[in-house]
Amino acid sequence: MLSLMRIMIGLLFMEHGLAKVFDFPHQQNHVPFVLSGLNPGAQGLIELVGGFLLLLGLFMRPVAFVLAGDMAVAYFMAHAPRGFFPLLNGGELAIVYCFVFLYFWLVGAGEWSLDRLLAPATERAGVAPSWREVAPAEPWMVARVQGRAARENVRLVEPAPVAAGADNRPAR
């Protein structure tokens with residue numbers, strides 16, 4: 001789902017760039033593209049290139065960080081001066097994009113991405129941690145999983161005991 005969301009957000013964001021740079025799809029209030037200007041110049045290129053890289057899942061974390069900042073600046077420059085409430089100043093989409101890009105910055109591109117394809121084989125082969133490795137910080141989660149397993153008569157796999165002082169790091 002992460003990859004599907006990234007692809008759809010990339011396509012939608014790239015559409016904004018296409019409209020600013022190439023006037024496709026045509027908008028009634030289209031301003032001709034001028035590279036020297038901030039909007040639609042630099043903003044259009046950021047949206048077009050950033051959306052394309054997002055679509056491919058290439059350089060995901062730095063691109064998502066730049067796009068989140070771009071949307072924050074867009075909100076405060078173009079929308080916030082029109083009023084306090086995003087519903088009234090037309091800035092809802094800029095806020096949503098900003099926080100979705102922050103999410104992508106934190107979680108990465110997902111399975112269907114060029115970042116994943118170009119990653120070293122050791123990273124690609126990495127197995128997701130078991131619930132026992134993640135859950136100790138969340139006691140409620142442990143209790144819930146153990147309770148559900150008891151109700152459903154499922155035997156939880158116990159990790160093998162580790163000898164004291166044993167080095168359990170993966171071999172290289």
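A helix here is a DSSP run of H or I with at least four residues, and helices are numbered from the N terminus. Keep that in mind as you work through this predicted model.

**Exercise 1. Find the helix that holds Met5, then decide whether Met5 is buried, partly exposed or exposed.**

Step 1: Look up the helix. Met5 sits in α1, and α1 covers residues 2-22.

Step 2: Recall the cut-offs. Buried means under 20% relative accessible area, and exposed means over 50%.

Step 3: Compare. Met5 has a relative accessibility of 34%, so it counts as partly exposed.

Step 4: Check its partners. Setting aside residues up to four places away in sequence, Met5 touches Val100, Tyr103 and Phe104. Take Phe104: it is 99 residues from Met5 in sequence, yet their C-alpha atoms are 9.8 Å apart.

**Exercise 2. Do the same for Leu2: which helix is it in, and how does it count?**

Step 1: Leu2 is also part of helix α1.

Step 2: Its relative accessibility is 24%, so Leu2 counts as partly exposed.

Step 3: Now look along the chain. Leu2 and Trp112 are 110 residues apart, and 8.8 Å separates their C-alpha atoms.

Step 4: List the contacts of Leu2, skipping neighbours within four places in sequence. You should get Tyr103, Phe104, Val107, Gly108, Ala109 and Gly110.

**Exercise 3. Arg6 is buried: what is its nearest side chain of opposite charge, and how far away is it?**

Step 1: Place the residue. Arg6 lies in helix α1.

Step 2: Find the oppositely charged side chain. The nearest is Asp115, at 7.6 Å.

Step 3: Test for a salt bridge. The cut-off is 4 Å, and Arg6 has no salt bridge.

Step 4: See what the side chain reaches instead. It comes to 2.8 Å from the backbone oxygen of Leu55.

Step 5: Fill in the surroundings. Beyond its neighbours within four places in sequence, Arg6 is in contact with several residues, among them Leu54, Gly57, Met60, Phe104 and Trp112.

**Exercise 4. Describe the largest nonpolar core: how many residues does it have, and which element gives the most?**

Step 1: Count. The core has 20 residues.

Step 2: Pick out the best-connected ones. Ile9, Leu54, Met71, Phe101 and Phe104 have the most contacts inside it.

Step 3: Sort by element. Those giving two or more residues are α1, α2 (38-56), α3 (60-79) and α5 (92-107). The top contributor is α3, with eight residues.

Step 4: Zoom in on Ile9. Leaving out neighbours within four places in sequence, its contacts are Leu54, Tyr97, Val100, Phe101 and Phe104.

**Exercise 5. What is unusual about the phi of Phe59, and where does this residue lie?**

Step 1: Locate Phe59. It belongs to the loop between α2 and α3.

Step 2: Read the angle. Phi of Phe59 is near 55°, which is positive even though the residue isn't glycine.

Step 3: Compare with the general rule. Most residues other than glycine have a negative phi.

Step 4: Check accessibility. Phe59 has a relative accessible area of 51%, so it is exposed.

**Exercise 6. Step back to the whole chain: how many helices and strands are there, and where is confidence lowest and highest?**

Step 1: Count the elements. There are nine helices and zero strands.

Step 2: Look at burial. Of the 172 residues, 27% count as buried.

Step 3: Check the confidence. Mean pLDDT for the chain is 81, and 73% of the residues reach 70 or more.

Step 4: Find the extremes. Helix α8 (residues 131-134) is lowest, with a mean of 55, while α5 is highest, at 96.

Terms used. Residues are numbered from 1 along each chain as its sequence is written. This is a predicted model: local features need pLDDT of at least 70, side-chain atom pairs count only at pLDDT 80 or more; totals for chains, interfaces and linings use all residues. Side-chain values use heavy atoms; hydrogens and water are left out. A nonpolar core is a set of buried Ala, Val, Leu, Ile, Met, Phe, Trp, Tyr and Cys residues joined through side-chain atoms within 4.5 Å. Buried means under 20% relative accessible area, exposed over 50%, partly exposed in between (1.4 Å probe, protein chains only). Contact means heavy atoms within 4.5 Å. pLDDT is the predictor's confidence in each residue, from 0 to 100. Lys and Arg count as positive and Asp and Glu as negative; His and the chain ends are not counted. A polar contact is a pair of N or O atoms within 3.5 Å; within protein, one must be able to donate a hydrogen and the other to accept it, and residues adjacent in sequence count only if both atoms are side-chain atoms.
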